[in-house]
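Me: I would like to learn how to read the sheet and the helix packing in a model like this one. Could you take me through it step by step?

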Amino acid sequence: MEGQERRLAVLIDAENISIKYIKVVFDEISNYGIATYKRAYGDWTNPVLKGWKDEVLKNSITPMQTYSYTQGKNSTDSAMIIDAMDILYSGKVDGFCIVSSDSDFTRLASRLREAGMLVVGMGEKKTVEAFRTSCTMFKYLEVLAADDGSQSDISREDVEDSILKILIDNEANDRETTVGELGNKLSNRHADFDVRNYGYSKLSKFLESIKGLTLTQHGNSITVTRKESEVTKEEIVKLVRDILKRASDKTMGLPELKQKIEKKYPAFKISDYQYSRFSQFVKDMDGMTVKNNTVSWKGSTR
């Protein structure tokens, strides 16, 4: 939204989330907009929720009473879902923050996204993947609270692979890549991506730590490019042969081969070797044939 902050509805499952996280929840949500609805759901007659009173008052949260009509079950989930849909149809918000580790909110998050809403999920590391990926983005409460030992389920290698693919796609279309665009696309690919999971407070610092990338300031934006390759063509040819030696029938699809080269040498670009097409680059290697987007090696050692 341009010129105006998003209006967000923050709905908290008080029976599922510890009160120690409340401050970091609202600190984090301020990065995405203004919390116009702040509601916490639970059976407030239950002594377990006694400690919530101060936090509710301090943060101007509206406590929403839900009773357990059947032993062993509660109506908190249903109340949150009903209220979320009422708020959605009111047309007064641009997004939702669902604070819970409960997988029962998976379908709600999906439905809100279908309606064009930003959906920020917040929960503990135990939150199931289905709920995490149904949100636009998902934040781990342990990470927000900077608890020791918090790590992402997404490996750093997977994140770096995604970054490489984004850069390659933009290069193919003669487009620059900004840090902001990378952040958005990484969140789209990995709902729970957060640089704080890897010990960084800013995405730019995380990117600077990746070998093979260059960050350049242009006014108010920072562009990200791959460094020019310092690897010789002979080294690439040797790598290709080694890859094909291990491949079944000494054959491999061109896209897979290219990806393996880029994984070994992140700065690899065929333009550095005066080629515009990867297929031609491979064809010109001794012993290599390319047919139907597949490369074969005949075992030549010349």
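Reply: We will take the sheet, then the helices that lie on it, and then one helix pair, bearing in mind that this is a predicted model.

Me: In what order do the strands of the sheet lie, and how are they paired?

Reply: In general, strands of a sheet pair through backbone hydrogen bonds, either parallel or antiparallel. Here, an open sheet of 6 strands has parallel pairing and runs in the order 3-2-1-4-5-6. Strand 3 (62-65) and strand 6 (137-140) each have a single partner strand, so one side of each is left without a neighbour in the sheet. From one strand to the next, the twist averages 20°.

Me: How many bridges join strand 1 and strand 4?

Reply: Strand 1 (residues 7-13) and strand 4 (residues 95-99) pair in the parallel sense over 5 bridges, and the bridge partner of I12 in strand 4 is V99.

Me: Which strands does helix 4 touch?

Reply: Helix 4 (residues 106-114) packs on the sheet against strand 4 and strand 5 (118-123), its direction making about 170° with that of strand 4. Helix 3 (residues 76-90) lies across strands 1, 2, 3 and 4, running at about 155° to strand 2 (34-42).

Me: At what angle do helix 7 and helix 8 pack?

Reply: Two packed helices are described by the angle between their axes and the distance between the axes. Helix 7 (residues 156-172) and helix 8 (residues 179-189) pack at about 120°, with their axes 10 Å apart, and are therefore oblique to each other; their crossing is right-handed. Among the residues making the contact are I163 and I166 of helix 7 and L182 and L186 of helix 8, and by class the contact has 5 nonpolar, 2 polar and 5 charged residues.

Methods. Residues numbered from 1 in each chain as written. Predicted model: local features only at pLDDT ≥ 70, side-chain atom pairs only at ≥ 80, totals over all residues. Heavy atoms only, no water. Axes fitted to C-alpha atoms, helices over the stretch in contact; angles between N-to-C directions. Helix = DSSP H or I, 4+ residues; strand = E, 2+ residues; numbered from the N terminus. Parallel < 35°, antiparallel > 145°, perpendicular 65-115°, else oblique. Left-handed = near helix turned anticlockwise from the far one by under 90°. Contact = heavy atoms within 4.5 Å. Nonpolar A, V, L, I, M, F, W, Y, C, P; charged D, E, K, R; others polar. Pairing = 2+ DSSP bridges.
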